[in-house]
Amino acid sequence: MAYARQKLWARELELLWRRLRPGISPQKATAESNGVLTHCARALQWRIALDVMGEMRSRSIPRSVASYGAGMSAQQTMERWENAIYLLHSMIVECLLPDVINFNSVIAACAASGKWQEA
């Protein structure tokens, strides 16, 4: 069962990267990637969400506040507070202004892990 899910995720990511062919607008590439990130959060796929965020960077796909929000949400649901804080920091380094959703995701990830001081 787990192997089948992994194959499904690998296929979905392969299709995403195919859709993001050269010449696609940056806004479209970001929107497509954000859709996968949102799906990762809903499916509790925190590692894949981090991989997508990294791949967006390596492919020069602009990451938005929504990109980070979805990535943080994936970390929150699995109590990966260190990753949520890392994404918040990365967001600030990229000069993106976090919103309430971003902060709430980080706080919730810290709280779920019993890391109140980090929140």
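This briefing walks through some helices, the nonpolar core, the salt bridges and the cysteines of the structure above. Keep in mind that the model is predicted. Its largest nonpolar core has 29 residues, and the structure holds four salt bridges. By contrast, the count of disulfides comes to zero.

**The nonpolar core**

- Start in the middle of the picture: W17, L20, L37, V52 and M72 are the residues with the most contacts inside the 29-residue core.
- Helices α1 (2–19), α2, α3, α4, α5 and α6 are the elements that give two or more residues to this core.
- L20, one of those well-connected residues, touches A29, E32, S33 and I61 once its neighbours within four places in sequence are left aside.

**A closer look at helix α5**

- Helix α5 runs over residues 81–93, which makes 13 residues.
- From first C-alpha to last, α5 reaches 18 Å, close to the 18 Å expected at 1.5 Å a residue.
- Try finding its buried residues on your screen: they are W81, N83, A84, L87, L88, S90 and M91.
- Those buried residues pack against three helices, namely α3 (46–58), α4 (65–77) and α6 (100–112).
- After α5 comes C95, which has a positive phi, near 65°.

**Helix α2: T30 and the pair E32–K28**

- T30 sits in helix α2, which spans residues 26–42.
- Is T30 buried or exposed? T30 counts as buried because its relative accessibility is 9%, and the cut-off for buried is under 20%.
- Leaving aside its neighbours within four places in sequence, T30 is in contact with M56, I61, P62, S64 and S67.
- Also in α2, E32 and K28 lie four residues apart, about one turn of the helix.
- An α-helix has 3.6 residues a turn, so residues three or four places apart point the same way.
- E32 and K28 form a salt bridge, and their closest N and O atoms are 3.3 Å apart.
- The two partners differ in accessibility: E32 is buried at 19% relative accessible area, whereas K28 is partly exposed at 43%.

**Salt bridges elsewhere**

- E55 and R59 join their side chains in a salt bridge, at 2.6 Å from N to O.
- E55, with 26% relative accessibility, counts as partly exposed, and R59, with 37%, is also partly exposed.
- Another salt bridge brings together the side chains of R63 and E94, at 2.2 Å from N to O.
- What does this pair tie together? R63 is in the loop between α3 and α4, while E94 is in the loop between α5 and α6, so the bridge links parts that are 31 residues apart in sequence.
- R63 is buried, with a relative accessible area of 11%, but E94 is partly exposed, with 29%.
- R63 and E94 also belong to a network of salt bridges together with R57.

**Cysteines**

- A disulfide is a covalent bond between the sulfur atoms of two cysteines.
- How many disulfides are counted here? The count is zero.
- Two cysteines make a nice contrast: C95 is exposed, at 71% relative accessibility, while C110 is buried, at 0%.
- You have already met C95, the residue with the positive phi that follows α5.

Notes. Residues are numbered from 1 along each chain as its sequence is written. This is a predicted model: local features need pLDDT of at least 70, side-chain atom pairs count only at pLDDT 80 or more; totals for chains, interfaces and linings use all residues. Side-chain values use heavy atoms; hydrogens and water are left out. The expected span of a helix is 1.5 Å times one less than its number of residues. Buried means under 20% relative accessible area, exposed over 50%, partly exposed in between (1.4 Å probe, protein chains only). Contact means heavy atoms within 4.5 Å. A nonpolar core is a set of buried Ala, Val, Leu, Ile, Met, Phe, Trp, Tyr and Cys residues joined through side-chain atoms within 4.5 Å. A disulfide is a pair of cysteine sulfur atoms within 2.5 Å.
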